[in-house]
Amino acid sequence: MYRLKPFGVLNGREVPVIELFSDKCAVELLPYGAAVRAIRVPDRTGKLTDICLGYDELESYRTLDACFGGTIGRCANRIAFGRMTVEGKEYALEVNNGPNHLHGGIQGFDSKVWQVQEAGRNTLVLTLHSADGEENYPGNLEVVATYTVVEETLHLRLEAYADAATIVNLTNHAYWNLSGKPTIDSMTLEVRASAYTPVDATNIPDGRILPVEGTDFDLRKAALLGERNSAAHPDTAAGLDHNYVLDSEPGDKIAAILLDPESRHRLIVATDAPGLQVYTGEYLPQARQGIALEAQGFPNAVNTPHFPSVILRPGQSATRSITWTVR
């Protein structure tokens, strides 16, 4: 079933919380940003516990820039200097992260009020029109976000269609804290990736795809996040904000497993995306309050020909599947 609750008003328009339920979890979604505001699951005593970071009021979503739970687009992650070439034409995108373009620009999809297309017993469908020239991207773009709750799983399917060649790299930017503690340091993380893309001083990949084996970035076996963020691991001591190259499998694959040993909550992230951006939240208002596991294409892919393409042309669709399962 689903339920609507008042949450806020933006430009005279009501923005509700839309709650979806199953026997094993309760999910709060927002038309603002097509965002996941909360996911409540029972702890060992049966008490519902929220494991997804969200704000208590609409104004915080409007004015703070952490992208809490938001759907990111047109292009997730960074584009070097906001410059790109599509079909032989150069474009200068908005620069909003040092010298680079990040997460769709000044007002990405996580800053838009999406249309509620359908709300059912366990499904919410949201749509968004992104006009030609918005944030200097070419082409009109139509986007559909479909959330479905089944048992202990929340599934998100993203689809996009364009009337001109453009770039699309969609993801969701939920932050997770399974423990309820002030930081994520007591949790462990496993990432099923044998390689990663090293970055320069502004977090732009330098073009290499390197094995994680023998490095601080190796998370193929579950690692304690607080220990990985320590002097014992100099490359990750300042935190992670890196793209992992997921091991290739057809269709959806398990990308990451996040575990809180105390509560025994286990979050399993599955996706059809080629990459997973792991961000340990050093720049949140409270550092390391949550971890983002962003299933997406590679950063700066439009300027790196050997990375998986993010070009979308008329007659094609760009799709992304992301599943979060809590056990």
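Here are short questions and answers on the predicted model shown above.

The model is predicted, so local features need pLDDT of at least 70, side-chain atom pairs count only at pLDDT 80 or more, and totals for chains, interfaces and linings use all residues. Residues are numbered from 1 along each chain as its sequence is written, and side-chain values use heavy atoms, with hydrogens and water left out.

Visitor: How many helices and strands are in the protein?
Guide: Both kinds of element are DSSP runs, numbered from the N terminus: H or I over at least four residues for a helix, E over at least two for a strand. By that count, the protein has two helices and 28 strands.

Visitor: What is the radius of gyration of the protein?
Guide: The radius is taken over C-alpha atoms, and the globule rule is 2.2 Å times the number of residues to the power 0.38. For 327 residues the rule gives 20 Å, and the protein comes close to this, so it is as compact as a globular protein of that length. Its radius of gyration is 19 Å.

Visitor: What share of the 327 residues is buried?
Guide: Buried means under 20% relative accessible area, exposed means over 50%, and partly exposed lies in between (1.4 Å probe, protein chains only). Buried residues make up 58%.

Visitor: Which strands are the edge strands of the open sheet?
Guide: Two strands pair if DSSP finds at least two bridges between them. The open sheet has nine strands, antiparallel, in the order β11-β12-β13-β14-β28-β24-β23-β18-β21. An edge strand pairs on one side only. That describes β11 (115-119) and β21 (223-224).

Visitor: How many bridges join β14 to β28?
Guide: The two strands run antiparallel, β14 over residues 153-162 and β28 over residues 318-326. A160 stands opposite A318 in β28. The number of bridges is eight.

Visitor: Is T323 buried or exposed?
Guide: T323 lies in strand β28. Contact means heavy atoms within 4.5 Å. Leaving aside neighbours within four places in sequence, T323 is in contact with T153, L154, H155, D252, I268, V269 and A270. Its relative accessible area is 13%, so T323 is buried.

Visitor: Which element gives the most to the lining of the second largest pocket?
Guide: A pocket is an open set of points on a 1 Å grid over the protein atoms alone, where a 1.4 Å probe fits, with protein on both sides within 12 Å along at least five of seven lines; lining residues have an atom within 4 Å of a point. About 220 Å³ of space lies in this one, counted as the space filled by probe spheres set on the points. Of its 14 lining residues, the closest to the centre are V168, S309, A318, T319 and R320. With three residues, the element that gives the most is β28.

Visitor: How many residues of β3 are buried?
Guide: Strand β3 covers residues 26-30. A26, E28 and L30 point one way, V27 and L29 the other, and all are buried. The count is five of five.

Visitor: Which residue stands opposite A26 in β3?
Guide: Strand β2 (residues 13-21) runs antiparallel to β3, with four bridges. A hairpin of four residues joins β2 to β3. The residue opposite A26 is F21.

Visitor: Which residue takes a positive phi in the hairpin of β3 and β4?
Guide: β3 and β4 (residues 35-42) pair in the antiparallel sense over five bridges. E28 has A38 as its bridge partner in β4. Four residues lie between the strands, and the one with a phi near 75° is G33.
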